[in-house]
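The exercises below are meant to be worked with the sequence and the structure side by side. Try each task before reading the solution that follows.

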Amino acid sequence: MSYPTQPVARIAVIAGDGIGREVMPEGLRVLEAAARRWALPLEFHAFDWAHCDYYLAHGQMMPSDWKAQLAGMDAIYFGAVGWPATVPDHVSLWGSLLKFRREFDQYINLRPARLFDGVPCPLAGRKAGDIDMLIVRENTEGEYSSVGGVMFEGTEREFVVQESVFTRTGSERLLNFAFALARSRPRKTLTLATKSNGISISMPWWDARCAEAAARYPDVAWDKQHIDILCARFVLQPERFDVVAATNLFGDILSDLGPACCGTIGIAPSANLNPERRWPSLFEPVHGSAPDIAGRGIANPIAMIWSGALMLDFLGGRSSCDARWRAAHDGIVRAIETVLRDGPRTPDLGGKARTTDLGSAVAAALA
Ligand code: GGG
């Protein structure tokens, strides 16, 4: 069969630290299998920086010309960052991942949480499909600001302050995206994570931006919930959530909690999007570098693999691209479903399989 010519998708591959280096080869194995199966022109470019060994050798997480090195890339496929035994976590995170998010204006962090058949759910009585939510996390500002400082350091008067920053542009674009996403889903519902009873200036303002966005999407039912009770309801009634819009910190917390309620964060993917495609978007597992299991070959690669599927779907949205990219995304998700139901299990899923066993099984299920 012959296909129309497609623009090549250039993908920067950055494995990072810890289990990022173990799950990345499995993600690539599946992407290569998908590229063969759907005739997708993928080009991979590996970058050996944005990890803590690089920091120890160079005093910074990335080379000074990192942005120039990534020029022309359509996406970044990222593993994990952090090795706190040698580099403080805030140094490694702000020196790499948070730089990408900020400087490439990846203002949406899309994080699905879904209960799959075959994954032991810690919540009684739930079956596959009961939990299916999309957390939309603001990704460039909010509580993750670099505005603040220390005074009188090392004295009795030592004083530290760090501001949360909510801009109208940042909040509106996040909420518009979340409402549009909710509109595209069958349940058409959105929950806003807030804390406007306790945080009495910025959070009522955040709620008001949400009410304004809601008026533009009258067909979407929405409510707001304070973050404390929202966390409790994630555990007690997760099936009630569809799209959940949240600030940077609240979204970070909810997007570990949601997948944990579905059995493991080892399968949770994420897409850090610049929806306008002015800059490359970044696709990474929700989980971090997991130093406690790194080097043992037992990390679950599904989050990395599913993130790769999200990347193909996003790349398919480039103008003049055809339906094969969406087909490849759907095919990978189906292969993940098959393997989680019938295939080998890593220890987080209650088994003894190795990272490579799951990667091979997903790739084989694509054929
Ligand atoms: N693969 C994602 C990763 O390495 N995450 C490390 C982390 O601590 N991330 C915090 C965040 O997403 O804000």
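**Exercise 1.** In which hand, left-handed or right-handed, does helix 6 pass helix 7?

*Solution.* Bear in mind from the start that this is a predicted model; the mean pLDDT of the protein chain is 96, with 99% of its residues at 70 or more, and the model scores are ipTM 0.90 and pTM 0.96. Begin with the two partners: helix 6 covers residues 168-183, while helix 7 covers 202-216. The crossing of helix 6 past helix 7 is right-handed.

**Exercise 2.** Classify the packing of helix 6 against helix 7 by its angle, and identify the residues that meet.

*Solution.* The axes of the two helices lie 9 Å apart and form an angle of about 45°. This angle makes helix 6 oblique to helix 7. From helix 6, the contacts involve S171, E172, L175, N176 and F179, and these meet W206, R209, C210, A213, A214 and R216 of helix 7.

**Exercise 3.** Locate Y217, decide whether Y217 is buried, partly exposed or exposed, and list its contacts beyond four places in sequence.

*Solution.* First, Y217 is placed in the loop that connects helix 7 to strand 9 (221-226). Next, count the C-beta neighbours inside 10 Å: because there are 18 of them, Y217 counts as partly exposed, given that a residue is buried at 20 or more and exposed at 12 or fewer. Finally, leaving aside residues up to four places away in sequence, Y217 touches F179 and R183; F179 also belongs to the set in helix 6 that meets helix 7. As for D74, which is 143 residues from Y217 along the chain, its C-alpha atom is separated from that of Y217 by 31 Å.

**Exercise 4.** Work out which strands stand at the edges of the open sheet, and describe the helices that lie across strand 9.

*Solution.* Write down the order of the ten strands, which is 2-1-3-12-11-4-5-10-8-9, with mixed pairing. Strand 2 (42-46) and strand 9 each have a single partner strand, so both stand at the edges and have one side without a neighbour in the sheet. From one strand to the next, the twist averages 20°. Helix 7 lies across strand 8 (189-194) and strand 9, and runs at about 165° to strand 8. Helix 8 (residues 227-236) also lies across strand 8 and strand 9, running at about 110° to strand 9.

**Exercise 5.** How do strand 4 and strand 11 run relative to one another, parallel or antiparallel?

*Solution.* Strand 4 (residues 108-114) and strand 11 (residues 269-273) run antiparallel and are joined by three bridges. In this pairing, I108 stands opposite L273 of strand 11.

Technical notes. Residues are numbered from 1 along each chain as its sequence is written. This is a predicted model: local features need pLDDT of at least 70, side-chain atom pairs count only at pLDDT 80 or more; totals for chains, interfaces and linings use all residues. Two residues are in contact if their C-beta atoms, placed from the backbone, lie within 7 Å. pLDDT is the predictor's confidence in each residue, from 0 to 100. Two strands pair if DSSP finds at least two bridges between them. Axes are lines fitted to C-alpha atoms, for helices over the stretch in contact, and angles run from 0 to 180 degrees between N-to-C directions. Angles under 35 degrees count as roughly parallel, over 145 as roughly antiparallel, 65 to 115 as roughly perpendicular and the rest as oblique. A crossing is left-handed if the near helix is turned anticlockwise from the far one by less than a right angle, and right-handed if clockwise.
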